[in-house]
Amino acid sequence: MYFNELVNSVACFHNKFWMIFQLVRNFHTSHCYRAAESSLLAKLRKKTGYTIANCKKALEMHNNDSDKAEAWLNDQAQAMGWAKATKLAGRKALQGLVAVKFDKNHGVLVEVNCETDFVAKNDKFHKMLEDTTLACYKFAHTNLKSKGPITKLELDSEQLGNLSSDGGKKLSEVLALFIGSVGENAVLRRAECWKANSDDVKITAYTHPAPTTASDYSSGKYGALLAYKQPNDVEDIGKQICQHIVGCAPRKIGDKEKDKPAENSDDETCLIYQEYLLDPSYTIEEVLENNKIEILDYIRFSCGEVVEENMPGVEKQPLDTVQTLQ
């Protein structure tokens, strides 16, 4: 009798112990699974920038396959972006940035707009601006034909959209994705692509505010491209002249035989008669003579400015030409 009770007690203890073991094991397994799911969700959220709810939905739909989930999210964002882009197209977008990228023989100046300064500070906006500038820079290297001292090509919004980014997407698709993610109108507004056609012609560029470290790429609210000639045996001050152009906004280079200086130096619009920004005791004309510089051309962008039609000296290619050259 006592033996049977002992056996039953042991059996009961064993059953209870097994149940507790199963509960602990299930809890541990469930916790690890949830941790793995949480890690996948966090990684997908960080990589794509989409909302947690959308990332969770994508993972659930694709059995936690992060690659398939990411592809689905991008497809959804693209479709949503096109819809939002169409809906928001009429809204003014006068904020944004201009950017430059250049080497000795090539230079591009690009403007991308959005509705608010807050969005212009967004990392995604900066990435889209950089992608657009790089696409134009590659275009300047591969598709500009030699014509005179410098070849200049102006691209409008539609032509910019037909260029391709490094990832293979058209810039118009990159723009739609961006609009879909921020819910605000944005515009690939315009670009200038330049190419120097001889070794004695140099190209430089500048943006304001200036970057903290010198670089062939920078962005700001104002920017300019400058093409010039200067012997190699004197200090190259092309960058400083370009900085002056950004800061003082001359309307034209000026011709000593045709143009006269303004009575008030503050009203001067001819570059050669303006006081040099970095040393007002000299005029630009004197700086050019002292440093043996010949200015061939320049162009300046101010973000959100009203653009004059038919800017002189700039060749505007038809859209089908730009498409053909991709």
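The questions and answers below go through parts of a predicted model.

In this predicted model, local features need pLDDT of at least 70 and side-chain atom pairs count only at pLDDT 80 or more, while totals for chains, interfaces and linings use all residues. Residues are numbered from 1 along each chain as its sequence is written, and side-chain values use heavy atoms, with hydrogens and water left out.

Q: Which helix gives the most residues to the largest nonpolar core?
A: A nonpolar core is a set of buried Ala, Val, Leu, Ile, Met, Phe, Trp, Tyr and Cys residues joined through side-chain atoms within 4.5 Å; buried means under 20% relative accessible area, exposed over 50%, partly exposed in between (1.4 Å probe, protein chains only). The largest such core has 32 residues, and Phe 125, Met 128 and Cys 136 are among those with the most contacts inside it. Elements that each supply at least two residues of this core include strand 1 (95-102), helix 5 (123-143) and strand 4 (186-196); helices (H or I, at least four residues) and strands (E, at least two) are DSSP runs, numbered from the N terminus. With 8 residues, the helix that gives the most is helix 5.

Q: How many residues are in the other core, the one with Leu 226 and Tyr 298?
A: This core lies apart from the largest one, and Ile 241 and Ile 295 are also among its members. Leu 226 has Tyr 298, in strand 8, as its bridge partner. The number of residues in this core is 20.

Q: Which strands stand at the edges of the open sheet with the order 5-7-8?
A: The sheet has 3 strands with antiparallel pairing, where two strands pair if DSSP finds at least two bridges between them. Strand 7 (residues 222-229) is joined to strand 8 by 8 bridges. Each edge strand has a single partner strand, so one side of each is left without a neighbour in the sheet; these are strand 5 and strand 8 (294-302).

Q: Where is the proline of the cis peptide bond with His 208?
A: Most peptide bonds are trans. The bond joining His 208 and Pro 209 is cis, with omega about 0°. Pro 209 is in the loop between strand 5 (201-208) and strand 6 (217-220).

Q: Is Asn 63 buried or exposed?
A: Asn 63 is in the loop between helix 2 (52-61) and helix 3 (66-88). Its phi is positive, about 50°, although Asn 63 is not a glycine. With a relative accessible area of 72%, Asn 63 is exposed.
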